[in-house]
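Take a moment with the sequence and the model below. Then follow the text from part to part.

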Amino acid sequence: MNVTLITHTPLPEKTVAAAAKLCYSDSGVDTLMENMSDEKAEQFVDMLAGFGHESPVEHVTFTFGIEGVSRSFLAQITRHRIASFSVQSQRYVKQDHFEFITPPAIADDPEAAAIYQNSMDNAIKAYMSLTDRLQKKYIPELMQNGMSEKAARSKAEKMAIEDARFVLPNACETKMVMTMNVRSLRNFFRLRCCNRAQWEIRAVATEMLRLCCEAAPALFRTSGPSCCYGGCSEGKMSCGKASEVREKFRAMRGD
């Protein structure tokens, strides 16, 4: 897993504070930004958090590069719909030697790891066999329709991997660029930094939060799983480790 913060809205705290102040001021945006010190912006952001006034934070976005994650992770993260995603395509990128993600519980068990490796080997063999078979089928068909051999081979490969990818496992490694606004990120962290979240998305979410805290600490001062700023939202399904979780995220935020 590799998570990087590619970029974010410049002056994030000032942007949020100015957007909120504009609602109640006859001053222009430039004036509000010029008169906003870093300290005042931070204080105003804290005040907004206390009010539960969240719409101004939607003006600030963070863009992340996420690599070394599984297609299973992709299925989970795209459930967070107020976000933008650009994902490496299995339709256009041939997976002839695909990387795969191994769950820790399997990696720690030699027998399970051997079964898992065998499954991955079989998947790649099936993928390559299907790709070759379909490609051989499509080349003459395309050439009969007037395409040159070179163009037919290129087109046939793309057509072949489009269907061959159906045998690829959820373990397949993928890469993406994702952008979220701060309001969506806070909700994402509340759900996915929780101990009850699946291990892979929890690891990514925790690293994303760490990067956000470095870039805009005031905006993420109370971010983390629900138990960090109130009671556990999991009810009877609670992990029972709220104190440990709170301490972990306090340390991350430098509280």
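How many aromatic pairs does a search of the whole structure find? The answer is five aromatic pairs. Keep in mind that this is a predicted model.

Look at one pair up close. F98 and F100 form an aromatic pair with 6.3 Å from centre to centre. Their planes make an angle of 70°, and the pair is edge-to-face. An edge-to-face pair needs planes over 60 degrees apart. Is each of these two residues buried, partly exposed or exposed? F98 has a relative accessible area of 9% and is buried. F100 has 25% and is partly exposed. The cut-off explains these labels, because buried means under 20% relative accessible area. Aromatic residues also gather elsewhere. F62, F188, F189 and F220 form one aromatic cluster.

Now turn to the sheet. It is open and has four strands. Their order is β1-β2-β4-β3, and the pairing is antiparallel. Which strands stand at the edges? They are β1, residues 2–8, and β3, residues 84–87. Each has a single partner strand, so one side of each lacks a neighbour in the sheet. On average, neighbouring strands are turned by 20° against each other, with direction ignored.

Follow the bridges next. β3 is joined to β4, residues 173–181, by four bridges, and the two strands run antiparallel. Within this pairing, S84 has T179 of β4 as its bridge partner. F85 is matched with M178 in β4. In a regular strand, side chains alternate between the two faces of the sheet. β4 also pairs with β2, again in the antiparallel sense, over eight bridges. There F62 stands opposite M180 of β4. You have met F62 before, as a member of the aromatic cluster.

Helices pack on this sheet. Helix α8 covers residues 182–192 and touches β2 (61–70) and β4. Its direction makes about 125° with that of β4. Helix α9 covers residues 199–215 and touches β1, β2 and β4. The direction of α9 makes about 150° with that of β2.

α9 has a helix partner too. It packs with helix α10, residues 242–253, at an angle of about 35°. The axes of the two helices are 9 Å apart. Which residues of α9 and α10 make the contact? From α9 come T206, L209, R210 and C213. From α10 come K248, F249, M252 and R253. Sorted by class, the contact has four nonpolar, one polar and three charged residues.

One of those contact residues is a cysteine, C213. That leads to the last topic, disulfides. How many are there? The count comes to zero. A disulfide needs two cysteine sulfur atoms within 2.5 Å. Why does C193 not form a bond with C228? C228 holds the closest cysteine sulfur, but it is 8.1 Å from the sulfur of C193, too far for a bond. C193 counts as buried, at 1% relative accessibility. C213 is in no disulfide either. Its nearest cysteine sulfur belongs to C212 and is 7.0 Å away. C213 is buried as well, with a relative accessible area of 9%.

Terms used. Residues numbered from 1 in each chain as written. Predicted model: local features only at pLDDT ≥ 70, side-chain atom pairs only at ≥ 80, totals over all residues. Heavy atoms only, no water. Pairing = 2+ DSSP bridges. Axes fitted to C-alpha atoms, helices over the stretch in contact; angles between N-to-C directions. Contact = heavy atoms within 4.5 Å. Phe/Tyr/Trp six-rings, centres within 6.5 Å; stacked < 30°, edge-to-face > 60°. Buried < 20%, exposed > 50% of the residue type's maximum accessible area, 1.4 Å probe, protein only. Nonpolar A, V, L, I, M, F, W, Y, C, P; charged D, E, K, R; others polar.
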